[in-house]
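Visitor: I should like to learn how to read a protein model feature by feature. Where might we begin?

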Amino acid sequence: MNIIGPDTLVFGVDDVNACSQYLTDYGLESVGNGHFEALDGTSIMVAHKDDPALPAPLATGSMLRKTIYGVADQATLDAIAVELKKDREVKILDDGSLEAMDDVGFVLGFQVTIRKPLSLPAEQINAPGSSSLRGINVIGVEKLASPKPRSLSHIVYFVPDFAKAEAFYAERLGFVTTDRFSHVGPFMRPAGTQDHHTVFFIQTPPQMQGCEHFTFHMGGPTEVSQAGTNMVNKGYQSFWGPGRHLLGSNWFWYFKSPFGCHVEYDADMDMHDDEWVARELAPGADNSQAFLFEFREKWSPGGPPPK
């Protein structure tokens, strides 16, 4: 099935104003009706938790109410409807999108993707021996840059049964497992993208089920670092990073949020096709990142000693 990736994540939150301000500070654009968009139109939707238009919450109280996947065309949408109607209710909403529940209790939506094509330069470097350089008189960084998220990258779920979740997404929706942490869960991508993953499942007790984090792709590690620095300077608390993951190779920086989950910036994720053979690593710090930095206030030689 030609599922491309997540188009929109829908949250029912305690404090709409705080969550809206957070997404604006994160770099998304408010476009009305609770939607906050990246440059390609993928988005986060925010509503109050008591909004009757929202799907029912999980028993755990997770603020994530729905993950809406974009698909390539109407034929894919029709195929998903036929497949899922074999054993569950599939709603056809007024906008033509589908709504159903996966095998572990998360509400899913499917729509012909709203993603807009992007034509933006990637971050370039000047490296000896490389034929692809940034160029003469082209500077690599601006002091006051405010980089914008480009595209909704992935979501990570806490689940009570990762094997059950993996089987549903693989057998019913055509997702591929690219890598996994032993006894924890798989990284998976749908057929319509070569991104290392658009979803990762983490085994947890049932009372923890929900969203662990979501993230948007940035233009490169400098953008991750600058966007993260801007968040720290606005008073948000860094949770993990900046650093670079091993599985997926993506640069990352995670922050605490009012969504009841973490929110990440990422960049430069690996891409794979069907020839890729999934790896399996033991979970833990040694395999979660290749390296990890820690944010501190600016310092310069000749100033007071670093704290």
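Guide: Let us begin with burial. This is a predicted model. Leu9 counts as buried because its relative accessibility is 1%, and buried means under 20%. Leu9 is placed in strand 1.

Visitor: Which residues is Leu9 in contact with, leaving aside its neighbours within four places in sequence?

Guide: Beyond those neighbours, Leu9 touches Ser43, Ile44, Met45, Leu64, Lys66, Thr67, Leu152, Ile155 and Phe214. As for distance along and across the chain, Leu9 and Asn126 are 117 residues apart in sequence, and their C-alpha atoms are separated by 37 Å.

Visitor: In what order do the eight strands of the open sheet lie?

Guide: One reads a sheet by following its strands from neighbour to neighbour. Here the order is 2-3-4-1-5-8-7-6, and the pairing is mixed. Strand 2 (29-32) and strand 6 (91-92) are at the edges with a single partner strand each, so each has one side without a neighbour in the sheet.

Visitor: Which helix packs on this sheet, and which strands does it touch?

Guide: Helix 2 (residues 74-84) packs there, in contact with strand 1 (3-13), strand 5 (64-71), strand 7 (98-101) and strand 8 (107-112). The direction of helix 2 makes about 150° with that of strand 8.

Visitor: How many bridges join strand 2 to strand 3?

Guide: The two strands run antiparallel and are joined by three bridges, with strand 3 covering residues 35-37. Within this pairing, Ser30 has Phe36 of strand 3 as its bridge partner.

Visitor: What is the order of the open sheet of 10 strands?

Guide: The same manner of reading applies. The strands of this open sheet follow the order 17-10-11-12-9-13-16-15-14-18, again with mixed pairing. At its edges stand strand 17 (279-281) and strand 18 (291-292); each has a single partner strand, so one side of each lacks a neighbour in the sheet.

Visitor: How do strand 11 and strand 12 pair, in the parallel or the antiparallel sense?

Guide: Strand 11 and strand 12 (residues 199-203) pair in the antiparallel sense, over two bridges. Met188 stands opposite Val199 of strand 12. Helix 4 (residues 221-233) packs on the sheet and touches strand 14, strand 15 and strand 16 (262-267), its direction making about 15° with that of strand 15. Helix 3 (residues 162-171) lies across strand 9, strand 10, strand 11 and strand 12, at about 15° to strand 11.

Visitor: Let us turn to the backbone. Which residues other than glycine have a positive phi near 65°?

Guide: His183 has phi near 65°, and so does Ser249. His183 is in the loop between strand 10 (176-181) and strand 11 (185-189), while Ser249 is in the loop between strand 14 and strand 15 (251-255).

Visitor: Is His183 buried or exposed, and is Ser249 buried or exposed?

Guide: His183 is exposed, with a relative accessible area of 73%, whereas Ser249 is buried at 18%.

Visitor: Which peptide bond is cis?

Guide: One reads this from omega. The bond from Gly241 to Pro242 is cis, with omega near 5°. Pro242 belongs to strand 14 (residues 238-244).

Visitor: Finally, which residues make the nonpolar surface patch?

Guide: Leu39, Leu118 and Leu120 make a patch of about 240 Å². Leu118 lies in the loop between strand 8 and strand 9 (151-159), and with 40% relative accessibility Leu118 counts as partly exposed.

Definitions and conventions:
Residues are numbered from 1 along each chain as its sequence is written. This is a predicted model: local features need pLDDT of at least 70, side-chain atom pairs count only at pLDDT 80 or more; totals for chains, interfaces and linings use all residues. Side-chain values use heavy atoms; hydrogens and water are left out. Two strands pair if DSSP finds at least two bridges between them. Helices (H or I, at least four residues) and strands (E, at least two) are DSSP runs, numbered from the N terminus. Contact means heavy atoms within 4.5 Å. Axes are lines fitted to C-alpha atoms, for helices over the stretch in contact, and angles run from 0 to 180 degrees between N-to-C directions. Patches are made of residues with over 30% relative accessible area and no salt bridge: like charges are joined within 9 Å, nonpolar side chains (Val, Leu, Ile, Met, Phe, Trp, Tyr) within 5 Å. Accessible areas come from the Shrake-Rupley method with a 1.4 Å probe; for residues, only the protein chains shown count as cover. A salt bridge is a side-chain nitrogen of Lys or Arg within 4 Å of a carboxyl oxygen of Asp or Glu. Buried means under 20% relative accessible area, exposed over 50%, partly exposed in between (1.4 Å probe, protein chains only).
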